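This report covers part of the strand pairing and one helix. The sequence and structure come first.

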Amino acid sequence: MAVVRSFLALSLVLSNGLTLFAQQQSTARILLYTATADFRHDSIPTAIEALKNQSSTYNVEFDATEDKSKFSDENLANYDGIIFVSTTGESESFYLTQYHKVLRGNWNVDPARFLLVLDNSGKTAFRDYLDKGGNFIAVHSASDSLRNTTWFGDEVGAFFDYHPALQNATVDVTDASHPSTDMLPSQWHVQDEMYNFKSDPRSVGAVVILSANESSYITGLATFNQGTPHPTAWYQEHGAGVDAGGTAGRSFYTSLGHLNETWMDNLFLAHVMGGVMWSLQANTTKAFNSSGLVGSAASGSGSSSGSD
């Protein structure tokens with residue numbers, strides 16, 4: 001049965017990808033960012049490889065990087081989407097404050113720990129990109145990044161709070177019409193971390209499409225009101241992280257994706273790529289709209305690759 005389900009998922013991947021080709025004016029470019037300043041998932045290399053392997057199917061190009069300097073106005077202008085995969089940690093202003101505490105002897109932490117997932121200039125360029133209609137996709141611990149940056153939390157939908165132990169669980173599909181869920185069984189059995197969040201993503205306009213079935217696993221004790229049903233994946237038609245007056249693109253988030261094995265699963269990849277391609281179809285970037293302010297205007301145009 002699992003083999004049949006994987007085959008059906010792959011068939012949907014191919015049909016959805018081919019449908020999207022006709023709507024695109026050029027190959028869509030996506031900046032794939034996996035920098036970490038805190039816990040680092042060993043599945044990151046597997047995730048990068050898995051996403052890059054989807055490129056020809058979907059007519060997209062992933063530029064993988066952990067180089068913060070790629071977050072400049074000039075470079076981000078070439079991208080139709082930015083995807084954060086398993087990023088963790090805060091930004092420059094927060095870590096400088098904490099680092100000074102270490103220097104004063106007020107906190108017994110190794111100063112080498114204070115790396116930056118994104119510096120202040122990078123955050124500014126990132127938000128400017130979103131204001132110009134750029135699209136954003138976030139996967140797994142991306143919700144545990146830039147924790148003190150309010151607009152980023154709004155763009156993701158909610159910040160990570162905690163998760164119980166890695167275990168088998170059931171995820172309920174609450175909206176089977178979305179391109180990221182239309183290939184999934186109504187009750188999706190996974191082995192993953194069931195994230196809990198510090199707020200309800202519906203409070204910023206997100207639509208929840210996957211929900212952790214709390215009767216299927218050992219949950220732990222929630223400390224914040226994340227709303228019901230338990231949010232696991234969601235989308236925003238207009239990303240809530242933009243400045244007032246900005247042109248909002250789309251935002252998609254899934255909290256799944258902890259294990260290497262997960263990124264090798266066709267059904268999971270169909271879920272992620274469904275979210276990626278739905279986000280790109282916001283029609284706010286150049287790959288889909290020649291009037292877009294950011295994005296890939298034509299094959300071979302733009303600056304050099306953002307990959308490391």
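Which residue stands opposite Ser 251 in strand 11? Phe 136 does. The model is predicted, and the sections below start from that strand.

## Strand 11 and its neighbours

Strand 11 covers residues 251–254. Its pairing with strand 4 (residues 135–139) is parallel and runs over 4 bridges. Strand 10 (residues 231–236) also pairs with strand 11, in the antiparallel sense and over 4 bridges. In that pairing, Tyr 253 of strand 11 is the bridge partner of Trp 234.

The side chains of strand 11 point two ways: Ser 251 and Tyr 253 one way, Phe 252 and Thr 254 the other. All of these residues are buried.

## Strand 9 between strands 6 and 10

Strand 10 pairs with strand 9 as well, antiparallel and over 4 bridges. Here Ala 233 in strand 10 has Leu 210 opposite. Strand 9 (residues 207–212) is mostly covered, with 5 of its 6 residues buried.

Strand 9 also pairs with strand 6 (residues 167–173), in the antiparallel sense over 3 bridges. Ala 212 in strand 9 stands opposite Val 171.

## Helix 9

Helix 9 takes in residues 266–280. Of its 15 residues, 14 are buried, so helix 9 is largely enclosed by the rest of the structure.

How far apart are the end C-alpha atoms of helix 9? They are 21 Å apart. This agrees with the expected span of 21 Å, because its 15 residues are counted at 1.5 Å a residue and the expected span is 1.5 Å times one less than the number of residues.

Conventions: Residues are numbered from 1 along each chain as its sequence is written. This is a predicted model: local features need pLDDT of at least 70, side-chain atom pairs count only at pLDDT 80 or more; totals for chains, interfaces and linings use all residues. Side-chain values use heavy atoms; hydrogens and water are left out. Buried means under 20% relative accessible area, exposed over 50%, partly exposed in between (1.4 Å probe, protein chains only). Helices (H or I, at least four residues) and strands (E, at least two) are DSSP runs, numbered from the N terminus. Two strands pair if DSSP finds at least two bridges between them.
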